[in-house]
Structures are given as C-alpha cells and as structure tokens.
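Biologist: I'd like a close look at a single part of this model, the strand pairing and its surroundings. Please take me through it in one go, and give the cut-offs as you use each term.

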Amino acid sequence: MIEPALLRGRDVYERRMEGWTDDGGPDALAHTVRLRDPDRALELSVVATISPAYEIRRAACRVLQGAIAPAVARAAERLAGTRMVAGFTRQ
C-alpha cells in the first residue's frame with residue numbers, strides 16, 4: 001500500500017490557498033497568496049505590471065508558520081523581472 005508522507009500520522013490532509021489583488025501603483029497590481037497546511041504556512045506577494053506585460057517588479061515570500069527553508073523565501077525575490085502567464089507560471 002502507498003503511504004504518502006503528508007498522511008503519516010493523520011487521517012486527513014488539507015492545504016488551503018487564499019489570494020487577493022490590490023492596487024500596486026498607476027500601472028501595476030499587487031497580488032498576495034497565502035498557502036497553509038497543518039504544519040506550515042507562507043505568504044507570497046508580487047507587484048506586477050498590468051496586461052499585457054505582466055512583468056513582476058517586486059516579489060517577496062514570508063514564512064508565517066512552521067519549518068520552511070530560508071532559501072524558499074529568498075528565492076521569491078529572484079522572480080523580479082519575470083513575466084507572469086496563466087497559472088502564475090513563468091514564460
């Protein structure tokens with residue numbers, strides 16, 4: 001039988017995502033997403049230009065709870081200069 005690590009010691013595993021968009025300046029939007037599960041939580045914030053460019057100007061990741069490698073939070077800053085496409089992936 002397959003035993004996923006996330007289910008070890010629990011009957012149910014749930015990950016929640018909450019997101020919102022705010023004004024990011026005259027030609028930008030600020031996108032914020034929080035990901036949370038029973039063990040950890042983080043918040044990713046991005047300021048990106050509006051359509052059609054969708055270029056990320058600033059990005060930050062903040063650990064809200066649990067053990068998350070510091071490299072994860074630092075890596076978010078490297079998204080600056082990247083263009084977003086559908087699904088918040090890189091082009």
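Modeller: Gladly, and let me settle one term at the start: a contact, or touch, means heavy atoms within 4.5 Å. This is a predicted model, where local features need pLDDT of at least 70 and side-chain atom pairs count only at pLDDT 80 or more, while totals for chains, interfaces and linings use all residues. Residues are numbered from 1 along each chain as its sequence is written, and side-chain values use heavy atoms, with hydrogens and water left out.

The chain has one helix and six strands (DSSP runs numbered from the N terminus: H or I of at least four residues for helices, E of at least two for strands). Their order from the N terminus is β-β-β-β-α-β-β. The radius of gyration is 16 Å, well over the 12 Å that the globule rule gives for 91 residues, so the chain is more spread out than a compact globule (the radius is taken over C-alpha atoms, and the rule is 2.2 Å times the number of residues to the power 0.38).

Now to the sheet. Four strands form an open sheet in the order β1-β2-β3-β4, paired antiparallel; two strands pair if DSSP finds at least two bridges between them. At the edges are β1 (16-23) and β4 (56-65), each pairing on one side only. From one strand to the next, the twist averages 15° (axes are lines fitted to C-alpha atoms, for helices over the stretch in contact, and angles run from 0 to 180 degrees between N-to-C directions).

Let's zoom in on β3 and β4. Strand β3 (residues 41-49) runs antiparallel to β4 and is joined to β4 by eight bridges. Leucine 42 faces valine 63 of β4. Alanine 41, also in β3, counts as buried at 1% relative accessibility (buried is under 20% relative accessible area, exposed over 50%, partly exposed in between, with a 1.4 Å probe and protein chains only). Leaving aside residues up to four places away in sequence, alanine 41 touches Leu35, Arg36, Val63, Leu64, Gln65 and Ile68.

Across in β4 sits alanine 59, buried as well at 11% relative accessibility. With the same sequence neighbours set aside, alanine 59 touches Ser45, Val46, Ala76, Glu77 and Leu79.

Charged pairs complete the picture. A salt bridge is a side-chain nitrogen of Lys or Arg within 4 Å of a carboxyl oxygen of Asp or Glu, and that rule gives six of them. One of them joins arginine 57 to aspartate 27, with the closest N and O atoms 2.8 Å apart. Arginine 57 is in β4 and aspartate 27 in the loop between β1 and β2, so this pair ties together parts 30 residues apart in sequence. Arginine 57 is partly exposed at 37%, and aspartate 27 is partly exposed at 32%.

Another bridge links arginine 10 and aspartate 39 at 2.7 Å, N to O. Arginine 10 belongs to the segment before β1 and aspartate 39 to the loop between β2 (28-36) and β3, 29 residues apart. A third pair is arginine 40 with aspartate 37, at 3.1 Å between the closest N and O atoms. Here aspartate 37 is buried, at 7%, whereas arginine 40 is partly exposed, at 32%. Finally, Arg34, Glu43 and Arg62 are joined into one network by salt bridges that share partners.
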